[in-house]
Amino acid sequence: MKIGIIICGRYKSCDGGKCFRAIRNHEGAFKQYPKNEPLEVVAYTSCGGCPGGNIENSINGMKKYGAETIHFATGVLAGYPPCKYLTTHIKFVEEQTNLPVVIGTHPMPTNYIEMHKKIGDWTPYHYKLMEKFTLIDSEESKKYDSTREDYTSILQKELK
Ligand code: SF4
């Protein structure tokens with residue numbers, strides 16, 4: 001599967017480590033693809049910052065480079081607050097490219113789940129998306145919580 005990834009502009013300097021880890025492990029939203037199916041990122045960009053103008057600029061290029069599915073990175077839901085333009089972004093990308101759109105990349109880290117629960121800014125719509133795209137899984141979510149003391153050792157074990 002050839003994938004294009006659009007990340008939230010608030011995280012434009014993100015190293016992408018969690019997304020690529022999830023691709024490698026077929027975790028989070030990448031669980032939908034069979035374990036033995038190779039996953040290739042053919043394009044990766046940011047939305048350009050609110051309200052997401054770079055989506056319009058980049059989406060045709062992603063298709064040209066062979067993207068068969070467009071993933072919005074988990075940060076669009078993880079950020080405080082979650083992206084308020086998401087429904088427009090989803091509709092626009094679907095209409096413009098005729099490609100399936102997936103909301104999410106890596107599993108939602110536990111520290112984000114806990115904070116969003118405290119501040120109450122996730123709506124039923126957001127929970128529905130996270131359920132549909134398998135972003136909340138207690139074991140995987142724990143593994144992606146980089147505030148854990150043993151985070152680095154978990155990563156190192158995976159990479160051996
Ligand atoms: S909140 Fe939405 S529009 Fe704003 S930077 Fe993030 S993805 Fe882009």
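**A walk through the sheet, the core and the ligand shell**

Let's begin in the middle of the fold, where strand 1 and strand 3 run parallel to each other and are joined by four bridges. If you would like a residue pair to look for, find Ile 5, which sits opposite His 71 in strand 3. Please keep in mind as we go that this is a predicted model.

From here we can build outwards. Strand 1, residues 2-7, also pairs with strand 2, again in the parallel sense, this time over six bridges. Ile 6 marks the spot nicely, as it faces Thr 45 in strand 2. To get from strand 1 to strand 2, the chain passes through helix 1 (residues 17-25), and the resulting β-α-β crossover is right-handed. On the other flank, strand 3, residues 69-72, pairs with strand 4 in parallel fashion through three bridges. Here Ile 70 has Val 101 of strand 4 as its bridge partner.

Put these pairings together and you have an open sheet of four strands, in the order 2-1-3-4, with parallel pairing. Which strands stand at the edges? They are strand 2 (40-46) and strand 4 (101-103); each has a single partner strand, so one side of each is left without a neighbour in the sheet. From one strand to the next, the twist averages 25°. As a general reminder, the strands of a sheet pair through backbone hydrogen bonds, in either a parallel or an antiparallel way.

Next, let's look at how the nonpolar residues gather. In soluble globular proteins, nonpolar side chains tend to be buried together. In this model the largest nonpolar core has 32 residues, and those with the most contacts inside it are Ile 6, Ala 73, Val 76, Ile 103 and Phe 133. Two or more residues come from each of strand 1, strand 3 and strand 4, and likewise from helix 1, helix 2 (53-64), helix 3 (75-78), helix 5 (110-119) and helix 6 (124-132). Which element gives the most to this core? Strand 1 does, with four residues. You have already met one of the core's best-connected members, Ile 6, as the residue opposite Thr 45.

Now turn to the ligand. Around it you will find Cys 8, Gly 9 and Arg 10, then Cys 47, Gly 49, Cys 50, Pro 51 and Gly 52, and finally Val 76, Gly 79, Cys 83 and Tyr 85. Sorted by class, this shell holds seven nonpolar, four polar and one charged residues. Val 76 is worth a second look, since this residue of the ligand's surroundings is also among those with the most contacts in the largest nonpolar core.

To finish, here are three residues away from the sheet strands. Asn 36 lies in the loop between helix 1 and strand 2. Is Asn 36 buried or exposed? It is exposed, because only 6 other C-beta atoms lie within 10 Å, and 12 or fewer count as exposed. The C-alpha atoms of Asn 36 and His 26 are 9.3 Å apart, with their positions 10 residues apart in sequence. Thr 123 belongs to the loop between helix 5 and helix 6, and with 10 C-beta neighbours inside 10 Å it also counts as exposed. Its C-alpha atom is separated by 9.6 Å from that of Pro 82, 41 residues away along the chain. Tyr 151, in helix 8 (residues 151-159), has 15 C-beta neighbours inside 10 Å and therefore counts as partly exposed.

Technical notes:
Residues numbered from 1 in each chain as written. Predicted model: local features only at pLDDT ≥ 70, side-chain atom pairs only at ≥ 80, totals over all residues. Near = placed C-beta within 6 Å. Nonpolar A, V, L, I, M, F, W, Y, C, P; charged D, E, K, R; others polar. Pairing = 2+ DSSP bridges. Axes fitted to C-alpha atoms, helices over the stretch in contact; angles between N-to-C directions. Right-handed = clockwise from strand over helix to strand, strands pointing away. Core = buried A, V, L, I, M, F, W, Y, C linked by C-beta atoms within 7 Å. Buried ≥ 20, exposed ≤ 12 C-beta atoms within 10 Å, placed from the backbone.
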